[in-house]
Amino acid sequence: MFQSIDQNLSRYVAFSNEELDILHANLSLKKFPKKTILLREGEICSFEAYVNQGCLRKYYIDSNGNEVIIQFALEDAWIGDTSFSSFESEPSKMFIETLEDVELLMFSPESKENLLEKAPRFERAFRILLQRNLAATQNRLFHTISQTATERYLEFSAKYPTIQQRVPQHFIASYLGISPEFLSKIRTKLAKA
């Protein structure tokens, strides 16, 4: 149950067995069925989750009422509201929804604080995770501005090779910032090439 999260965090810091035991004691294993909304706009985000199994999406609703997908979280990824909703107790602007049945290892703000207090070296691992998340967000913004839709689709397909069998096409289009019809044209053109 904890092997994947241990490997995920140990990429950045080598932890002792005692430290990993403290980590495990502060995590809750939770399972949710497909189409469960874990966070709604206006709520305070009270969790940070590691995806053991399944697929989720994080999105917001724009001024035209369209869903705009910010993140897909598959196995070995983290999801929560990183805009400080859980830290500052401010209402979230995001929704988080399961796209498949999921198994998550979850922190509450209190359990994560307890972990960091009892095993402070985890602070470094989470700081590195946050820096990597910021770098990925900046990279995505840069590519959205500088790449064509086809280039973004090809990069997305390379990053998430199995996702097209797991989520509807209109979700992928939303993530890429294009219409489902335009995504269909891109896929048709690439299939003929």
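Author: Let us begin with a term: a helix here is a DSSP run of H or I that holds at least four residues, and helices are numbered from the N terminus. The model before you is a predicted one.

Reader: In which helix is the place of His-143, and is His-143 buried or exposed?

Author: The place of His-143 is in helix H5, which covers residues 121-146. To judge burial we need a cut-off, and a residue is called buried when its relative accessible area is under 20%. His-143 has a relative accessible area of 14%, and it is therefore buried. If we set aside residues up to four places away in sequence, His-143 touches Arg-152 and Glu-155.

Reader: How should I read the sides of a helix, and which residues of H4 are buried?

Author: The general idea is that an α-helix has 3.6 residues a turn, so residues three or four places apart point the same way. In helix H4, residues 109-118, the buried residues are Ser-111, Lys-112, Leu-115 and Leu-116. Because these residues cover an arc of only 135° around the axis, they lie on the same side of H4. On the other side of H4 we find Glu-110, Glu-117 and Lys-118, which are exposed.

Reader: What covers the buried residues of H4?

Author: The cover includes helix H2 (17-25), strand S3 (48-53), strand S8 (102-107) and also H5, the helix in which we placed His-143.

Reader: A strand also has two faces, so which residues are on each side of strand S7, and which strands pair with S7?

Author: In S7, residues 95-98, Phe-95 and Glu-97 are on one side while Ile-96 and Thr-98 are on the other, and all of them are buried, with both faces covered. Strand S2, residues 37-39, pairs with S7 in the antiparallel sense over two bridges, and there Ile-37 stands opposite Glu-97. Strand S4, residues 56-61, also runs antiparallel to S7 and is joined to it by four bridges, with Tyr-59 opposite Phe-95.

Reader: How much space lies in the second largest pocket, and what lines that pocket?

Author: About 180 Å³ of space lies in the second largest pocket. Its lining includes Asp-62, Asn-66, His-170, Phe-171 and Pro-180. Strand S5 (67-73) and helix H7 (169-176) each supply at least two residues of that lining, and the largest share, four residues, comes from H7. Sorted by character, the lining residues of this pocket divide into five nonpolar, four polar and two charged.

Notes: Residues numbered from 1 in each chain as written. Predicted model: local features only at pLDDT ≥ 70, side-chain atom pairs only at ≥ 80, totals over all residues. Heavy atoms only, no water. Buried < 20%, exposed > 50% of the residue type's maximum accessible area, 1.4 Å probe, protein only. Pairing = 2+ DSSP bridges. Contact = heavy atoms within 4.5 Å. 1 Å grid on protein atoms, 1.4 Å probe; cavity = no way out; pocket = protein on both sides within 12 Å on 5 of 7 lines; lining within 4 Å. Points joined across faces, edges and corners; volume = space filled by probe spheres on them. Nonpolar A, V, L, I, M, F, W, Y, C, P; charged D, E, K, R; others polar. Arc of directions from axis to C-beta.
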